[in-house]
Amino acid sequence: MQRREFCHAGVAALLAGALLPRGVMAGVYAGLQQVDADLQALSLQGREQVLPRASVQELADSLRGRLLLPGKPAYDTARLVLNPVIDKHPALIVQPTGPADIQSAVQFAGANDLVVAVKCGGHSFSGKSTCDGGLLIDLSSYRNVQLDTQRRLAYVTGGSLLGAIDHETLARGLVTTAGTVSHTGVGGLATGGGFGRVARRFGLALDNIRAVDVVTADGSFHHADGDQNSDLYWGVRGGGGNFGVVSNFTFDLHPMQREVIGGKWVYPIDRARDVLEAYAEHSMRLPDAFYLDCGVGHPPGDGPGFAVLDVCYSGPPADFERLMQPFRALGKPLKDSVGAVDYVALQRSGDFSDPRAMVSYVKDGFCEGITPALIDSILQGLEPDPGRLTQCYFQHAGGAIGRVAPGDTAFSQRYVSHDMMVILAWPPEADGPAHRDYIRAYWKQLEPHTRGFYTNVAEDNERAAQLQANFEDNFQRLVALKNRYDPRNLFRLNANIEPTV
Ligand SMILES: Cc1cc2nc3c(=O)[nH]c(=O)nc-3n(C[C@H](O)[C@H](O)[C@H](O)COP(=O)(O)OP(=O)(O)OC[C@H]3O[C@@H](n4cnc5c(N)ncnc54)[C@H](O)[C@@H]3O)c2cc1C
């Protein structure tokens, strides 16, 4: 475009702006922001209420990001989470572009008595990151990872997905602990725990949080670290989203090579007992750099059952053969994909090609070692069903996770050697209640062999009564924090610490 034409275009745009009504100008700034009608909503107590058009318009005008309202296609996409059977309808959705928008959204919710749902990766199995009739803060427009390689820090915005963190950090020969599926969100994972392939070396994701920025229930902004707002810093590392929305994380980074040894050894199901016994005995003794998950189960359809060992070894390559000798005694696996692999590729290897194709239902408990009695219970109760995936899976813990004192962060269960999950997955149109009945009955046999549970996975209402015991000695401190930062329990869609004021 010639300079003259450009000037004309610029002047025309300015004139048009001056003549347009206020709501339309806001639309030019941030996308669709015209509010046409009052909105139906639910109060914190579940009463039906009306949000006047003018106050919703005021919220819209205050945002740099988008406000999405029912009836629009973008609203119907933004309200979805990973689990395809969750079908909730928030009264309104804010997609913030930064902390200021989050503050506006939380203030609006507080002023209008609305429950707040916060969505990062949307991976909550029970759908805690959406709601009916409340305000959904969908952080998917606030995704960014920046590094300070000199200070070995990553600055990660609260809507980011784990894959972006690995992508940026490994490109610089650095890493921090992330989960094993790259489309999981940092917001839920790192505030509740964060097990992963390097957690035995570098601790849980939450152990690597150096600082957070949090918008609490009154809409105020807090920077929290070891010196400043240290109570909030403590609570956010294990207390999940109970105290507010984490807009920004600062993570510690550690030097690590890109190439690791990873992959799977798959055995037939009739070797399940041998595999579990070898795993129970030897996984406890492996060095921190050896991460080894183990699963036994049956795929959907008519395929054969399996026992699987899933490896990520990031220590000196020359030691690998010696360390895996005890597992070589199991004989040749049916399938062996273990070899040198790019860590970022390994971290993506479990991603779902169609994330919403299956309903997942998971039961979870922490183990302090795997006993022969637990192995008996696993094998006795494991029932194949061609209509679903049926799997009992151990995620490897221990190592650096256990070298943090229980009171140092809100996540107290430092004794955990393995996180045991029973995972069922079936297509949305299949018979859900029958599968749920099965998993509940199966879990009854396994639960007595566990001590506590992972709040990020077992966050359904069935576990609510057990939360106090689960947080052990940290519970009263968490309640005091909740009373201080969220006395009305605006942030209740999580492993909820109920306020007592
Ligand atoms: C396929 C899959 C793989 C998984 N793998 C692992 C794994 O390897 N290791 C592991 O430890 N866990 C794993 N998990 C469990 C995972 O930690 C939880 O599901 C976690 O809550 C996901 O975070 P999210 O941001 O994606 O979830 P969301 O559903 O978006 O949010 C979950 C909870 O966190 C809150 N929240 C989200 N973002 C913020 C924020 N910025 N500030 C405050 N609160 C927030 C939400 O309000 C909600 O209560 C996995 C889950 C799935 C479905």
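In what follows, a residue belongs to the shell around the ligand if one of its heavy atoms lies within 4 Å of the ligand, and helices and strands are DSSP runs numbered from the N terminus. The structure is a predicted model, and a good place to start is with the ligand.

Helix H7 gives the largest share of the shell around the ligand, with 3 residues. The shell holds 33 residues, and of these Cys120, Gly122, Ser129, Tyr454 and Leu493 come nearest to the ligand. Sorted by type, the shell residues fall into 13 nonpolar, 18 polar and 2 charged.

Some of the contacts with the ligand run through the protein backbone. A polar backbone atom of Ser124 sits 2.9 Å from an oxygen atom of the ligand. For Thr180, a backbone N or O atom lies 2.8 Å from a ligand oxygen, and for Gly188 the distance from a polar backbone atom to an oxygen atom of the ligand is 3.0 Å. On its own the ligand has 950 Å² of accessible area, and the protein covers 94% of it. Two or more shell residues come from each of strand E5 (116-119), helix H7 (186-192) and strand E12 (245-252).

Stepping back to the whole chain, there are 17 helices and 21 strands. The C-alpha atoms fill a box of roughly 80 × 55 × 50 Å along the principal axes. How does the radius of gyration of the protein chain fit with a compact globule? For 501 residues, such a globule would come out near 23 Å, and the chain has 24 Å, so the two agree. Of the 501 residues, 57% are buried. Among contacts with a separation of 6 or more, 72% are between residues 24 or more positions apart. The accessible surface of the chain comes to about 20,900 Å², and carbon and sulfur atoms account for 53% of that.

A few single residues help to show how the chain is put together. Take Val106, which is found in helix H5 (residues 99-111). Its relative accessible area is 0%, and therefore Val106 counts as buried, the cut-off being under 20%. Along the chain, Val106 and Asp218 are 112 residues apart, yet their C-alpha atoms are separated by 7.1 Å. Leaving aside neighbours within four places in sequence, Val106 is in contact with Ile137, Val215, Thr216, Ala217, Gly219, Val245, Leu490 and Phe491.

Thr216 turns up again with His222, a residue of strand E11 (residues 221-225). The side chains of His222 and Thr216 make a polar contact at 2.9 Å. Is His222 buried or exposed? At a relative accessible area of 15%, His222 is buried, because the value is under 20%. Beyond four places in sequence, His222 touches Val212, Asp213, Val214, Thr216, Asn229, Leu232 and Tyr485.

Tyr485 leads on to helix H17 (residues 475-485), where Phe475, Leu478, Val479, Leu481, Lys482, Asn483 and Tyr485 are buried. What do the buried residues of H17 pack against? Their partners are strand E11, helix H9 (230-236) and helix H16 (467-470). As a general point, an α-helix has 3.6 residues a turn, so residues three or four places apart point the same way.

Another histidine, His396, is found in strand E20 (residues 389-396). With 1% relative accessibility, His396 counts as buried. A polar contact of 3.3 Å links the side chain of His396 to that of Arg200. Arg200 also appears in the wider list of contacts for His396, along with Tyr279, Ser283, Leu286, Phe290, Tyr291, Leu292, Asp293, Ser417 and His418, once neighbours within four places in sequence are set aside.

Last comes Val422, placed in strand E21 (residues 418-426). Val422 is buried too, with a relative accessible area of 1%. Setting aside residues up to four places away in sequence, Val422 touches Tyr361, Val362, Lys363, Gln391, Cys392, Ile439, Tyr442, Trp443 and Leu446. Between the C-alpha atoms of Val422 and Gly297 there is a separation of 9.5 Å, with their positions 125 residues apart along the chain.

Key: Residues are numbered from 1 along each chain as its sequence is written. This is a predicted model: local features need pLDDT of at least 70, side-chain atom pairs count only at pLDDT 80 or more; totals for chains, interfaces and linings use all residues. Side-chain values use heavy atoms; hydrogens and water are left out. A polar contact is a pair of N or O atoms within 3.5 Å; within protein, one must be able to donate a hydrogen and the other to accept it, and residues adjacent in sequence count only if both atoms are side-chain atoms. Accessible areas come from the Shrake-Rupley method with a 1.4 Å probe; for residues, only the protein chains shown count as cover. Helices (H or I, at least four residues) and strands (E, at least two) are DSSP runs, numbered from the N terminus. Ala, Val, Leu, Ile, Met, Phe, Trp, Tyr, Cys and Pro count as nonpolar, Asp, Glu, Lys and Arg as charged, and the others, Gly among them, as polar. Buried means under 20% relative accessible area, exposed over 50%, partly exposed in between (1.4 Å probe, protein chains only). Contact means heavy atoms within 4.5 Å. The radius of gyration is taken over C-alpha atoms; the globule rule is 2.2 Å times the number of residues to the power 0.38.
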